[in-house]
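Q: Could you take me on a close look at the aromatic pairs here, and then show me what lies around them? I am new to this structure, so a friendly walk from one spot to the next would suit me well.

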Amino acid sequence: VLLKSLVRLGYVVIDPETKCYFPSLSVTQLGDWIPSNVWATADAQDVLAHVHAATGETVTLSVQNDMDCRFIQVIPGTFPISLRLTAGFVAPMFTTAVGSAIAAQLSDEDLEALVTRVNHRTGARAERVDLARVLQTSHDIRRRGYALFYDSLFPDTGAIGVPFPTAAKSIPMAIGVGGLRHRIRRTAGAIYRAIQSSMENRRSP
């Protein structure tokens, strides 16, 4: 029934002799709208490159992935010891800088619903997420403009996460900069200013 519906919609074709189904060219157009919506508000490629050049640290772009966040772009750091990540890496939503920067873009009601789902999935009481702490962290990020976490993914590391504006409001994203703890602690303010400056410059005509 599903395949026949896809045939009627034009996304799948059927060979009348073999009765085999095959995706049509219309399938390739399903995601055409995504890049323009994601990059419309700020040129992500240029922003990431500018921040990377200014900091030398590992720079990432992440998107909400249901109850977690997924790194969709990663530029490795240039320091001999840098944070090593790959595109596609999935990280927790509420215990990382980029995840918290994404979460801060959600309403308090949506955050409560998400925390409930995460805790239901976790099961173990020791690993449950505290809603009051999540709400306070999100309020702080909205006021301050960024999230700053240490030792969240790997020991002796730090990361700053900043909400990344997109035209697709239903797809909260965040830019992240991570590296060794002592470097991030020393340069967090400069990193945030570099991110803000880059995004503001890219919005300018």
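**The aromatic pairs and their surroundings**

A: Searching the whole structure, which is a predicted model, turns up 2 aromatic pairs. In one of them, F71 and F89 have ring centres 5.7 Å apart and planes at 45°, so this pair is tilted. The partners come from distant parts of the chain, 18 residues apart: F71 belongs to strand β4 (residues 68-75), while F89 sits in the loop between β4 and β5 (90-92). Their surroundings can be told apart by accessibility. F71 has a relative accessible area of 3%, under the 20% limit, so F71 is buried. F89, with a relative accessible area of 27%, is partly exposed.

Now for the other pair, Y146 with Y192. These two rings are also tilted, at 4.7 Å centre to centre and with 40° between the planes. Y146 is in the loop between α6 (131-144) and β6 (147-150), and Y192 is in helix α7 (residues 181-203), so the pair ties together parts that are 46 residues apart in sequence. Y146 counts as buried, with a relative accessible area of 18%. Y192 is buried too, at 17% relative accessibility.

Y146 has a further partner to look for. The charged end of R144 sits over the ring of Y146, 4.8 Å from the ring centre. A similar kind of arrangement involves another ring: R183 lies over the face of F79, at 3.9 Å from the ring centre.

Let us go back to F71, which leads us to an enclosed space. The structure holds 1 cavity of 30 Å³ or more, and the volume of the largest cavity is about 170 Å³. Which residues lie nearest its centre? They are F71, L83, L153, A159 and G178, out of 21 residues that line the largest cavity. Two or more lining residues come from each of β3, α4, β6, β7 and β8 (173-180). Among these elements, β7 gives the largest share, 4 residues. By type, the lining of the largest cavity divides into 12 nonpolar, 8 polar and 1 charged.

Helix α4 (residues 97-103), one of the elements just named, is also the place of I102. Is I102 buried or exposed? Its relative accessibility is 0%, so I102 counts as buried. Leaving aside neighbours within four places in sequence, I102 is in contact with S62, V63, Q64, C69, M93, P172, M173 and A174. P163 is 61 residues away from I102 along the chain, and the C-alpha atoms of the two are separated by 6.1 Å.

Helix α4 takes us on to an open space as well, since α4, α5 (108-122) and α6 each supply at least two residues of the lining of the largest pocket. The largest pocket has about 390 Å³ of space. Its lining is made up of 20 residues, and F94, T95, V129, D130 and V134 lie nearest the pocket centre. Helix α6 gives the most to this lining, with 4 residues. Sorted by type, the pocket lining has 9 nonpolar, 5 polar and 6 charged residues.

Finally, here are a few places where the backbone is worth a look. Most residues other than glycine have a negative phi. D66 has a positive phi of about 60° although it is not a glycine. You can find D66 in the loop between β3 (58-65) and β4, and, at 43% relative accessibility, D66 counts as partly exposed. D156 also has a positive phi of about 60° and is not a glycine. D156 lies in the loop between β6 and β7 (157-164), where its 44% relative accessibility makes D156 partly exposed.

A glycine gives one more case: G10, just after α1, takes a positive phi of about 90°. As for helix α1 itself (residues 2-9), the number of its 8 residues that are buried is 0, so α1 lies largely in the open.

Methods. Residues numbered from 1 in each chain as written. Predicted model: local features only at pLDDT ≥ 70, side-chain atom pairs only at ≥ 80, totals over all residues. Heavy atoms only, no water. Buried < 20%, exposed > 50% of the residue type's maximum accessible area, 1.4 Å probe, protein only. Contact = heavy atoms within 4.5 Å. Phe/Tyr/Trp six-rings, centres within 6.5 Å; stacked < 30°, edge-to-face > 60°. Lys NZ or Arg CZ within 6 Å of the ring centre and 35° of its normal. 1 Å grid on protein atoms, 1.4 Å probe; cavity = no way out; pocket = protein on both sides within 12 Å on 5 of 7 lines; lining within 4 Å. Points joined across faces, edges and corners; volume = space filled by probe spheres on them. Nonpolar A, V, L, I, M, F, W, Y, C, P; charged D, E, K, R; others polar.
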